[in-house]
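Trainee: Hi! I'm new to this one, could you walk me through it?
Mentor: Happy to, let me put it up for both of us.

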Amino acid sequence: LASVSNQLDDAAPVLRGSWTLHNVVLPAVAVLPLWWKFLQTLRQAWDSGRRWPHLGNSLKYLWAALVILYGMGHREGKRSWWWVVSFLLAVMYQIWWDTVMDWELLVVVPRRRGNDGPGGPDAPGAVDAEGSDSCVGLVCSISSIPASAYILLPLQQYVVVPVVDRWRRARHYLSTHRIALR
């Protein structure tokens with residue numbers, strides 16, 4: 001075991017100074033999976049004949065690959081503020097795309113006015129007597145987790161449902177009571 005450690009210590013200067021490793025192998029390992037996913041989503045758009053959602057998904061992979069390539073080609077102190085902004089926007093877009101579009105953790109479902117829905121009039125997101133619902137300015141109910149996501153059901157039961165219910169009750173209270181400052 002000690003001989004393996006000595007061999008790795010001897011290899012460190014060689015790997016640190018390797019042009020091929022830093023300019024070919026590491027960028028290829030970082031970018032090729034993203035490039036293949038980008039091409040796969042373009043192919044899905046072509047095969048299905050529909051641009052959406054495949055081109056939105058392909059943007060996620062292309063943007064990540066470009067940010068990685070630029071970051072690997074420029075030292076930390078040499079990167080412009082455009083790279084930092086692009087990096088942050090790419091990460092936010094990836095998080096949004098994965099949570100909203102791929103995993104469907106936030107789904108906005110249009111509802112008709114006056115429809116109490118399957119949970120009855122007291123269910124979170126139900127339309128109350130005035131015809132308002134849980135969304136400000138919209139007629140919709142929010143289901144944060146699709147029915148197929150059984151693993152995330154406790155999140156819906158213990159976080160989303162109580163928050164939406166409290167929001168609906170607070171809006172109802174504020175619409176029926178006058179609050180005066182003394």
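Mentor: We'll talk about confidence, then helix packing, then one residue.

Trainee: Is this predicted or experimental, what are we looking at?
Mentor: This is a predicted model. The chain averages a pLDDT of 76, and 67% of the residues score at least 70.

Trainee: Where is confidence highest, and where is it lowest?
Mentor: Helix 2, residues 19-48, is where confidence is highest, at a mean of 93. Strand 2, residues 140-143, is where it is lowest, at 48.

Trainee: And over which residues does pLDDT stay under 50?
Mentor: That would be residues 115-142. The model has 65 contacts beyond four places in sequence for that stretch.

Trainee: OK, on to packing. How do people describe two packed helices?
Mentor: By the angle between their axes and the distance between the axes.

Trainee: So what are those values for helix 2 and helix 3?
Mentor: Their axes come within 8 Å and cross at roughly 160 degrees. An angle over 145 degrees counts as roughly antiparallel, so helix 2 and helix 3 are roughly antiparallel to each other. The crossing of helix 2 and helix 3 is left-handed.

Trainee: What classes of residue make up that contact of helix 2 with helix 3?
Mentor: There are 17 nonpolar residues, 6 polar and 1 charged.

Trainee: Now helix 3 and helix 4, at what angle do they pack?
Mentor: Helix 3 (residues 54-73) and helix 4 (residues 81-102) pack at about 150 degrees, with their axes 10 Å apart. Helix 3 and helix 4 are therefore roughly antiparallel to each other. Their crossing is left-handed.

Trainee: Which residues meet there?
Mentor: On the helix 3 side they include W63, A64, V67 and Y70. Among those they meet in helix 4 are S86, F87, A90, Y93 and W97. By class, the residues of this contact of helix 3 with helix 4 divide into 11 nonpolar, 5 polar and 3 charged.

Trainee: Can we zoom in on S86? Which residues is S86 in contact with, leaving aside its neighbours within four places in sequence?
Mentor: S86 is found in helix 4, and it is in contact with W63 and V67.

Trainee: What does the side chain of S86 do with the side chain of W63?
Mentor: Those two side chains make a polar contact, at 3.1 Å.

Trainee: Last one: how far apart are S86 and L66?
Mentor: They are 20 residues apart in sequence and 9.5 Å apart in space, going C-alpha to C-alpha.

Key
Residues numbered from 1 in each chain as written. Predicted model: local features only at pLDDT ≥ 70, side-chain atom pairs only at ≥ 80, totals over all residues. Heavy atoms only, no water. Axes fitted to C-alpha atoms, helices over the stretch in contact; angles between N-to-C directions. Helix = DSSP H or I, 4+ residues; strand = E, 2+ residues; numbered from the N terminus. Parallel < 35°, antiparallel > 145°, perpendicular 65-115°, else oblique. Left-handed = near helix turned anticlockwise from the far one by under 90°. Contact = heavy atoms within 4.5 Å. Nonpolar A, V, L, I, M, F, W, Y, C, P; charged D, E, K, R; others polar. pLDDT = per-residue confidence, 0-100. Polar contact = N/O pair within 3.5 Å; in protein donor to acceptor, adjacent residues only side chain to side chain.
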